[in-house]
Every structure is written in structure tokens, then in C-alpha cells.
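Here are a few short exercises to work through with the model open beside you. Try each task on your own before reading the solution.

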Amino acid sequence: MLGFAAGEARMLLLMALVWISLLTQARGGVLQDAIIGGHEAHIHSRPYMAYLSGKSKCGGILVRKDFVMTAAHCNKNITEITLGAHNIKKKEESQQNVQILRIFLHPEYNPKTLENDIMLLKLKSGVKLNKFVKPIPLPPANKKVKAGDVCSVAGWGKTAEDEWFSDKLQEVNLKVVEVKECKKVSKSFEEDSMICAGDPNEGKASFRGDSGGPLICQNVLQGIVSYGRGNGKPPRIFTKISHFIPWIKKNLR
């Protein structure tokens, strides 16, 4: 009788573990919990990542110890910037929370078409640079990317249209696509100031909450997550940072 009870208990435990595993995958566990079609980033592998808290959750990029770059459409009551984070739901020792002193919104930003979707945030105090918090260099002016280049994007955004925001930093590789594919996403796509990435035949993309985060191509910062289709289907549109280098450097000074 005792042997039967013990065996039954082991069986129930096994079933519970299987159920938890299935639930984790369905709800976005380590293997499934990604931007869209990506995976969890290696802890603190992107020390330039910033998390913007406010009316809208956005990502950002530390470009100098006292400046964070992000998308202009993230300008919605930002209350705090967190740097050095991997899990934004936890108080990690590596995290630094900073306030904003001044906002530099691109003067030609269009909230309807999302043209010139770029913004600089001057921090009240410079962050302490270490292995967890480190700025990423700006690209050369008019540095080009071409169709077929493989880039990576990272953020704490949604993993699907009906999913919640990710607690842990996610990343995914996206392929730069031809301009004709970008025009299908938006008639206002501008090749000079925007990059289009994400193969329409692959289920990989940035999504809501990833806005303002970086697009890295061949280890060079090239874009800012801007917008895309409401259902998260690729390709997605990114602000081309190299086009704005003169404006960025002017405001950094």
C-alpha cells in the first residue's frame, strides 16, 4: 500500500513538471520568450542598453555617459532610465537609475509618419561606467547597410500580439531587406533616413516595447527601433542613425 502511494506520488510529480514545462513554453519561457522568434540575451552582454519607464515602455541606447539615444515617439512622460539591467523586474546590483535633465527631440520629427524618429536624453548626472554600463560608439556619417546584411536587435518588448512585455532582455537577428518590401509596410519609408529589416518569410521581428532600442549590424550601431505593422509581422522600420550624425554631434556638444 505504501509502495503504491509512493509510486502514485512520483507519477503526480512527473505530471506536474510536464505541465509546468508546457505552460512555460506557451507563456514565454526561456526558449520561447523572445522579441518575436528570438531568444534571451546573454546576461549583461549589451552594456549600452537602457530601459525607459513612463507612460510608454521603451528601450534606449547609451551613447555617452551622460546621454541616452532613443526613438522620438518614446517621448511620453518618461519618469526614469535604468541602465545595467537584464531583468527589469528585479533590483539587480548592476542597475543604475537616472533622471533626465533635458530632452532633445528632432525638430523635424513627424508623429504621424514617424519620420526623423530620433531623440537624445541628457541625463542629470553621468552614469558610472563599468562592465555592466558602457556606451556604444556612434557609426560614421552616412555609413551604409545593404540588403542581405544580418543585424541584431534587442529589447524588453512584447513577444507576440497577445503577450505581455518581457522581464528579461531579448534579442533576435534580422536581415536587411530590399526597399520594395519596406514600401509595403509604409508609403512614407525614406531610404536615406530609415532602414528596413526582417525577412517577411521568417517569424522574427522587433515589437511593441522594443522601440528606441538598437539595431546592430556587423558590430556597428546602425539603427533605432521605430515602427512596423501592428501584428508584429516583418519587416520592421528603423531610424538610420548615420543619417543624423551631424544633428547628434551638435546636441552632444
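**Exercise 1.** Which residues line the second largest cavity?

*Solution.* Keep in mind that this is a predicted model. Start with the stretch Leu114, Glu115, Asn116 and Asp117, then add Ser193 and Met194. Next come Ser226 and Tyr227, and the list ends with Ile237, Phe238 and Thr239. Now look at the secondary structure: strand E13 (220-227) and strand E14 (236-240) each supply at least two of these lining residues. E14 gives the most, with three residues. Sorted by class, the lining has five nonpolar, four polar and two charged residues. The volume enclosed is about 30 Å³.

**Exercise 2.** Find how many cavities of 30 Å³ or more there are, and describe the largest cavity.

*Solution.* The count comes to two. The largest cavity has a volume of about 50 Å³. To locate the largest cavity, pick out His44, Ser45, Arg46, Pro47 and Met49, then Gly84, Ala85 and His86, and finally Phe132 and Leu169. By class, this lining has five nonpolar, four polar and one charged residues.

**Exercise 3.** For the salt bridge between aspartate 149 and lysine 146, decide whether each partner is buried or exposed.

*Solution.* First check the contact: the closest N and O atoms of aspartate 149 and lysine 146 are 3.4 Å apart. Then take the accessibilities one at a time. Aspartate 149 has a relative accessible area of 9%, so this residue is buried. Lysine 146 reaches 53% relative accessibility and therefore counts as exposed.

**Exercise 4.** Work out how glutamate 181 and lysine 184 are placed along their helix, and how accessible each one is.

*Solution.* The two residues form a salt bridge, with 3.4 Å between the closest N and O atoms. Both sit in helix H2 (residues 179-185), and because they are three residues apart there, about one helical turn separates them. Glutamate 181, at 18% relative accessibility, counts as buried. Lysine 184, at 56%, counts as exposed.

Salt bridges can also share partners: Arg64, Asp66 and Lys122 are joined into one network in this way.

**Exercise 5.** Take the bridge between arginine 64 and aspartate 66 and classify its two ends.

*Solution.* The side chains meet at 2.8 Å, N to O. Arginine 64 has 32% relative accessibility, so it counts as partly exposed. Aspartate 66 has 12%, so it counts as buried. As a final tally, the structure holds five salt bridges.

Technical notes:
Residues are numbered from 1 along each chain as its sequence is written. This is a predicted model: local features need pLDDT of at least 70, side-chain atom pairs count only at pLDDT 80 or more; totals for chains, interfaces and linings use all residues. Side-chain values use heavy atoms; hydrogens and water are left out. On a 1 Å grid over the protein atoms alone, a cavity is a set of points where a 1.4 Å probe fits but cannot get out, and a pocket is an open set with protein on both sides within 12 Å along at least five of seven lines; lining residues have an atom within 4 Å of a point. Grid points are joined across faces, edges and corners, and a volume is the space filled by probe spheres set on the points. Ala, Val, Leu, Ile, Met, Phe, Trp, Tyr, Cys and Pro count as nonpolar, Asp, Glu, Lys and Arg as charged, and the others, Gly among them, as polar. Helices (H or I, at least four residues) and strands (E, at least two) are DSSP runs, numbered from the N terminus. A salt bridge is a side-chain nitrogen of Lys or Arg within 4 Å of a carboxyl oxygen of Asp or Glu. Buried means under 20% relative accessible area, exposed over 50%, partly exposed in between (1.4 Å probe, protein chains only).
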